[in-house]
Amino acid sequence: MRSYRLVAALALSSVTGCSKSPSAANPPMATPTPVQVHTPARSPAPSRPPKQNSTGVAAVASMPPRARRLAPEGTYFLLRFVSITTPSGVVGLPPGMKVTALAHRDTSFEVTDADNHVFQVTESEITNDIDLGVAAGRRDAALQSRIQNQIATDVRKYDEEQAKRWAEEEKAAKQRTPGKPRPQ
């Protein structure tokens, strides 16, 4: 009976946040004592990284804002792919590419790239935050790598299928052609 009370007191103290020990919360008496509920004092924020829950998602913890590294005045980085038409054709500019602002009009910028192509972008297409520009470039590089790997895999599969078909056609052609008679 005493162990049952001890287990009940432990369970109750963990639910209510009581910091008293189970033996102090439930002295050996015949009549149970009422449990006092109190709110525990807030503990300081943990200094270790947040633990992951069962779904693998990190717990949200209040982290101090990172110090922004900004590019010099007039220097920006593309956040998305931009294609521009030039007299000699179409030029594609990847995310993360550095551009220089020439003029600012309402919600757009007139910018130039390293090859002196002048074009228009909106404010949402560029950033002066160096870290965001680098992250955009890395995301694009990772995406391009995945696409390249998928294309290489598809080409290998196609080549294997073609080689298999060619071998089957050769085998079928040999079976259709009667052997030449041997001279005697």
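**Exercise 1.** Find what span is expected for helix α3 (residues 130–176) at 1.5 Å a residue, and compare the distance between its end C-alpha atoms.

*Solution.* Helices are DSSP runs of H or I with at least four residues, numbered from the N terminus. The expected span is 1.5 Å times one less than the number of residues. Helix α3 has 47 residues, so it should span 69 Å; its end C-alpha atoms lie 69 Å apart, which agrees. The model is a predicted one, in which local features need pLDDT of at least 70 and side-chain atom pairs count only at pLDDT 80 or more, while totals for chains, interfaces and linings use all residues. Residues are numbered from 1 along each chain as its sequence is written, and side-chain values use heavy atoms, leaving out hydrogens and water.

**Exercise 2.** State which residues of α3 are buried and what covers them.

*Solution.* Buried means under 20% relative accessible area, with a 1.4 Å probe and protein chains only. In α3 the buried residues are G133, A136 and D140. Their cover includes β1 (75–78) and β7 (126–127).

**Exercise 3.** List the residues of the largest nonpolar core, then the elements that give two or more residues to this core.

*Solution.* Such a core is a set of buried Ala, Val, Leu, Ile, Met, Phe, Trp, Tyr and Cys residues joined through side-chain atoms within 4.5 Å. The largest has 11 residues: Y76, L78, V82, I84, L93, V99, F109, V111, F119, V121 and I126. Two or more residues come from each of β1, β2 (82–86), β5 (108–112) and β6 (118–122); strands are DSSP runs of E with at least two residues.

**Exercise 4.** Give the order of elements from the N terminus on.

*Solution.* There are 3 helices and 7 strands. The order is α-α-β-β-β-β-β-β-β-α.

Note on methods
Buried < 20%, exposed > 50% of the residue type's maximum accessible area, 1.4 Å probe, protein only. Contact = heavy atoms within 4.5 Å.
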